Amino acid sequence: MAWDDAAARRIASATFLSPSVLAERGTTRRTAAALVAAGDLIRLRNGRSVPADTHPRLIEAGRLGGRLDCVSLLYALGVFVRATGGLHVQFEHATTRLPVRAAHVRAHWRVTGRERSAMAADIVSALAQACRCQNPRDAVATLDNARHVGLVDDDNLAAVFLRLPRRLRFLQSLMDARSESGPETLVRLLLRGLGCTVEVQVQIDGVGRVDLLVDGWLIVECDSRALHEGWEAQKRDRRRDVAAAALGYMTVRPIAEDILNRYDEILGAMKSAIHCRAVQNSTDRAADAPKPRRSGLAKG
């Protein structure tokens, strides 16, 4: 999904309305009841209400007496995460009289400095928790994307890593916020794992900016439906590929859906392409090598 800064800010700063806050706004109990009946106000639990346009995931977490957290919060904000199933909710240790939680709810118990009425966990804590709840590759993709869209800055990221156990702090060395999407980060890490040199967002004269340039010869473009749908977009991409081929580059375009759901196939394809190039280079070097001199003596 496209990043929407205003929508993300509304979610991150959402608070529930207590009876005292409603009263301060001039909303009497009778008026509040009428608003609830009309569907303009949603009652979460005793003493907690929210406007009807509140994000559904915030409402789910609020009804449980907690705050939206971890991958659930980041996904709602528009940040890339892989683990989108279930509902991740942050609870304070001292919280009592909570309703029974369904099996799909993942509870994260920790103390936070957020005000009592906040409906979302703070972003730094949510990112740190998401690193624990995802595998390392996906965690790096989440961190890259959060930094790329401007949800956090370098100081915030430093705070994230301070909250992580030592075994996960190596993730910081794998980050590159120039990656423009989660799938792009995943492919970059895949190629680095194969021992390749990977340049990110490279400008090539006559071609334009490409997602990844691998070992100086392989262009990898991580295509998503949002940016490459329609014939006009396809014509543009194909013309770029032809221009790249004229300059001696090979282009591969794995689609985001396959990067996420058919990772092993993408890995196999990249291995084959790199191996074929290595074999070709070896053959070319052998062809260019000086030919051995023959003695001219007759075989006997």
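A polar contact here is a pair of N or O atoms within 3.5 Å, where within protein one atom must be able to donate a hydrogen and the other to accept it. Keep that in mind for a helix cap further on. The model you are looking at is predicted, so let us start with its overall form and then walk through a few local features.

The chain's secondary structure comes to 13 helices and nine strands. Its radius of gyration is 26 Å, well over the 19 Å that the globule rule gives for 300 residues, so the chain is more spread out than a compact globule. Along the principal axes, the C-alpha atoms fill a box of roughly 110 × 45 × 35 Å. Of the 300 residues, 42% are buried. Among contacts with a separation of 6 or more, 57% link residues 24 or more positions apart.

Now turn to helix α8, which spans residues 154–162. Which of its residues are buried? They are L157, V160 and F161. Seen down the axis of α8, these buried residues fall within an arc of 90 degrees, so they line one face of the helix. The face turned away from this buried side carries D155 and L162, both exposed. As for what covers the buried residues of α8, the cover includes α6 (123–133) and α7 (136–148). The N-terminal end of α8 is where the opening definition comes in: D153 caps it, with a side-chain oxygen lying 3.1 Å from the backbone nitrogen of D155. That distance falls under the 3.5 Å cut-off for a polar contact. D155 thus appears twice in this account, once as an exposed residue and once as the partner of the cap.

Next comes a sheet. In general, strands of a sheet pair through backbone hydrogen bonds, either parallel or antiparallel. In this chain, an open sheet of four strands runs in the order β6-β7-β8-β9, with mixed pairing. At its edges stand β6 (198–204) and β9 (250–252), each with a single partner strand, so one side of each has no neighbour in the sheet. On average, neighbouring strands of this sheet are turned by 40 degrees against each other, direction ignored.

Edge position does not leave β6 bare, though: five of its seven residues are buried, and the strand is mostly covered. How do β6 and β7 (residues 208–214) pair? They do so in the antiparallel sense, over six bridges. You can trace this in the structure through two bridge pairs: V198 is partnered by V214 in β7, and I204 by G208 in β7. The two strands form a hairpin with three residues between them, and G206 in the turn has a positive phi of about 85 degrees.

That backbone angle leads to a last topic. Most residues other than glycine have a negative phi. Two residues here are worth a look in that light. C70 is not a glycine, yet its phi is positive, at about 55 degrees. C70 is found in helix α5 (residues 70–77), and at 0% relative accessibility it counts as buried. R97, also a residue other than glycine, has a positive phi near 55 degrees. Where does R97 lie? It lies in the loop between β4 (87–91) and β5 (105–109). Is R97 buried or exposed? At 77% relative accessibility, R97 counts as exposed, because the cut-off for exposed is over 50%.

Technical notes: Residues numbered from 1 in each chain as written. Predicted model: local features only at pLDDT ≥ 70, side-chain atom pairs only at ≥ 80, totals over all residues. Heavy atoms only, no water. Buried < 20%, exposed > 50% of the residue type's maximum accessible area, 1.4 Å probe, protein only. Arc of directions from axis to C-beta. Contact = heavy atoms within 4.5 Å. Pairing = 2+ DSSP bridges. Axes fitted to C-alpha atoms, helices over the stretch in contact; angles between N-to-C directions. Rg over C-alpha atoms; globule rule 2.2 N^0.38 Å.
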